[in-house]
Amino acid sequence: MAASVTFRSREDYRKQFELEVARKAGLAPAELDEDGNEINPHIPQYMSSAPWYLNALRPTLKHQRKWKSDPNYTKSWYDRGAKTFHADKYRKGACENCGAMTHDTKSCVERPRKLRAKWTGKNIAPDEKIETIELDYDGKRDRWNGYDPASYKDVIQMYESRDEARNNYLKEQQLKNLEEKNGNEDGVSDGSLRVDEAKVDESKQMEFAKVEKRVRTTGGGSTGTVRNLRIREDTAKYLLNLDVNSAHYDPKTHSMREDPLPDIDPDEKFYPGDNCIRVSGQALEFEQLNIHSREAFEKTGHDVHMQAAPSQAELLYKNFNANKQKLKSETKDKIMEKYGNAAADELLPRELLLGQSERKVEYDRAGRIVKGQETTSIPRSKYEEDVCISNHTSVWGSWWKDHKWGYKCCQQTFTNSFCTGGADIFC
């Protein structure tokens with residue numbers, strides 16, 4: 001959260017990053033602004049860094065506050081339905097329909113009279129209160145400007161009274177059913193009825209996890225219901241270790257980052273601390289994405305900020321992983337193509353599987369067969385093969401052209417011709 005842009009080395013960046021991580025984990029004290037107030041370490045850097053033209057010497061958040069205000073702007077609204085003066089006779093220049101001076105006949109919103117006030121001089125309407133209000137940018141676009149939140153109390157009271165009447169009716173029906181059930185039995189006392197009423201009210205005790213609190217809404221705030229997800233039978237995290245020097249508990253965020261009981265067996269721990277969540281699951285992937293953004297800026301110069309442009313940073317990280325896997329697979333294929341893969345589950349060729357025998361063959365140091373190859377080999381064909389005649393270096397049928405067979409060495413198509421080498425080719 002540097003106040004101004006200055007040159008810093010890689011070591012300074014590393015130290016600053018470690019300090020920010022420690023502050024977010026609660027291991028280091030938070031940074032203070034020029035007024036001595038603590039700065040939330042989770043505020044992104046692009047929001048906490050002051051512009052260069054403010055010449056801020058210390059970290060501050062004043063540039064995020066509205067420090068320029070126009071005194072001419074107001075937050076008030078029109079006084080609806082207010083009247084100023086009520087005349088008792090028609091005045092010259094007033095509305096011919098109702099007799100008010102604040103509008104003309106064309107702009108009158110009252111029902112057109114059969115006999116207008118100009119001719120009768122009776123039932124003159126009072127003058128409306130006309131105001132000129134200058135609103136700022138937000139005031140002109142505030143859809144709730146001029147709304148009175150107190151008027152919503154009637155709606156709340158109506159629904160509360162409806163719910164109360166419904167609960168009373170259900171309670172009376174349950175008590176009536178219990179009385180009918182126990183009506184045939186003698187000895188029904190007031191004590192048993194009180195027991196039955198207690199049974200009826202047990203349904204309300206099921207809402208032990210229901211907490212009423214103020215919830216901010218666009219309408220200015222209303223009472224909502226927020227459920228606490230912790231089961232009340234479980235021990236609270238701040239009661240696991242009552243030592244004042246143990247893990248710090250923040251009552252505002254209900255978080256305890258460190259392990260309150262570090263000496264206990266991990267298999268028997270009920271709560272290992274919030275930091276274990278920060279190094280697992282998607283939190284670890286998010287940390288790797290931040291590291292990739294910094295390394296991309298240091299190595300390749302890609303100025304991609306994780307908080308300012310998260311989609312661009314994630315796309316860059318995704319492309320980097322894809323190219324890395326592609327390069328890794330290409331390198332692996334080249335190595336396997338060059339050296340083979342002894343770990344692959346490839347089947348041996350059929351020649352090797354069926355060509356095994358118990359025959360013993362001995363070789364000398366030069367690699368020549370000494371013993372074991374006395375058996376004559378079976379000829380491949382009854383005709384002579386690879387026999388070149390008439391000075392030819394290739395056999396008949398090694399060349400084909402214009403539906404005729406010939407010799408490849410001299411390209412002649414006569415069977416008993418004498419080979420002349422390449423002389424006939426160029427003729």
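## A surface patch, two positive phi values and an aspartate

W144, Y147, Y152 and I156 make a nonpolar surface patch of about 390 Å² (patch residues have over 30% relative accessible area and no salt bridge, and nonpolar side chains are joined within 5 Å). This is a predicted model, where local features need pLDDT of at least 70 and side-chain atom pairs count only at pLDDT 80 or more, while totals for chains, interfaces and linings use all residues. Residues are numbered from 1 along each chain as its sequence is written, and side-chain values use heavy atoms, leaving out hydrogens and water.

Within the patch, I156 sits in helix 5 (residues 153-182); helices are DSSP runs of H or I with at least four residues, and strands are E runs of at least two. I156 counts as partly exposed because its relative accessibility is 37% (buried is under 20%, exposed over 50%, partly exposed in between, with a 1.4 Å probe and protein chains only).

Now for the backbone. Most residues other than glycine have a negative phi. Here are two with a positive one:

| Residue | Phi | Place |
|---|---|---|
| H403 | near 65° | loop between strand 5 (399-401) and strand 6 (404-406) |
| Q411 | near 60° | segment after strand 6 |

H403 is exposed, at 71% relative accessibility, and Q411 is partly exposed, at 33%.

Last up is D33, in the loop between helix 1 (10-25) and helix 2 (45-48). With 5% relative accessibility, D33 counts as buried. A polar atom of its side chain lies 3.0 Å from the backbone nitrogen of G36. Leaving aside residues up to four places away in sequence, D33 touches I39, R58, P59 and T60 (contact means heavy atoms within 4.5 Å).

Key
Patch = residues over 30% accessible without salt bridge, like charges linked within 9 Å, V, L, I, M, F, W, Y side chains within 5 Å. Areas by Shrake-Rupley, 256 points an atom, 1.4 Å probe, with all protein chains shown as cover. Salt bridge = Lys/Arg side-chain N within 4 Å of Asp/Glu carboxyl O. Polar contact = N/O pair within 3.5 Å; in protein donor to acceptor, adjacent residues only side chain to side chain.
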